[in-house]
Amino acid sequence: MNLFYREFGIKNKDTIIILHGLYGCSDNWISISKQIEHRYRVIVPDLRNHGKSPHSDDHNFEIMANDIVSLIKKLAITKCHIIGHSMGGKLAMFIADSNPEIIDKLVVLDISPTKQKTEEKDEIASFHNHVLSSLAKINLSIIS
C-alpha cells in the first residue's frame with residue numbers, strides 16, 4: 001500500500017518515523033515534527049485506513065508493519081528511530097520484533113507489550129464499537 005506521509009527536516013540526518021494512534025493521523029504530529037526537524041529527518045505517515053492513506057478491509061499489525069517497512073525501503077532508509085503512540089506503539093513493537101535490523105532506537109508511548117486477556121479485548125472492542133457507531137450517527141451536513 002502506498003501510504004501518505006509528511007516529511008520534515010534534514011535528509012542527511014538520522015531519521016525518525018512517528019506512528020500515530022487509533023483515530024489519529026499524521027496531522028497529530030506536525031507540531032512535534034517541526035520542533036525536532038532541525039536535528040532529524042522526520043517521517044510521519046498516515047497508517048492504512050487513517051487520514052489520507054488508502055483504505056482497505058485488510059487491517060492487522062502484520063500488514064501495517066509491511067506498509068511501514070515498504071515506506072522505509074521506498075525512502076531508502078537503512079536504519080531509523082521509531083516513535084509509536086498507542087496503536088502506533090504496538091505497531092512499532094511489531095516492526096522492531098519482525099525487522100530489528102532497521103531499528104536504531106524505539107520509543108513506545110501509552111501502550112505496553114503485554115498480551116490482553118480475552119475479556120479485556122472484548123471490553124476494548126465494545127468501547128471502540130460504541131465510539132465508531134456514535135461517530136457514524138453525527139449529521140455532518142449541519143456542521144459548519
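## The sheet

Two strands pair if DSSP finds at least two bridges between them. Strands (E, at least two residues) and helices (H or I, at least four) are DSSP runs, numbered from the N terminus. In this predicted model, local features need pLDDT of at least 70, side-chain atom pairs count only at pLDDT 80 or more, and totals for chains, interfaces and linings use all residues. Residues are numbered from 1 along each chain as its sequence is written, and side-chain values use heavy atoms, leaving out hydrogens and water.

Five strands make an open sheet. Their order is 1-3-2-4-5, with mixed pairing. Strand 1 (5-9) and strand 5 (103-109) are the edges, each pairing on one side only. From one strand to the next, the twist averages 15 degrees.

Strand 4 (residues 80-85) pairs with strand 5 in the parallel sense, over six bridges. Cys80 stands opposite Ile103 of strand 5.

## Helices across the sheet

Helix 2 lies across strand 1, strand 2 (15-19), strand 3 (41-45) and strand 4. Helix 2 runs at about 145 degrees to strand 3. Helix 3 lies across strand 2, strand 4 and strand 5, at about 145 degrees to strand 4.

## Helix against helix

Helix 2 (residues 61-74) packs with helix 3 (residues 87-98) at an angle of about 75 degrees. Their axes are 9 Å apart. The two helices are therefore roughly perpendicular (65 to 115 degrees).

Helix 2 makes the contact (heavy atoms within 4.5 Å) through Phe61, Glu62, Met64, Ala65, Ile68 and Val69. Helix 3 contributes Met87, Lys90, Leu91, Phe94 and Ile95.

How values were computed:
Axes are lines fitted to C-alpha atoms, for helices over the stretch in contact, and angles run from 0 to 180 degrees between N-to-C directions. Angles under 35 degrees count as roughly parallel, over 145 as roughly antiparallel, 65 to 115 as roughly perpendicular and the rest as oblique.
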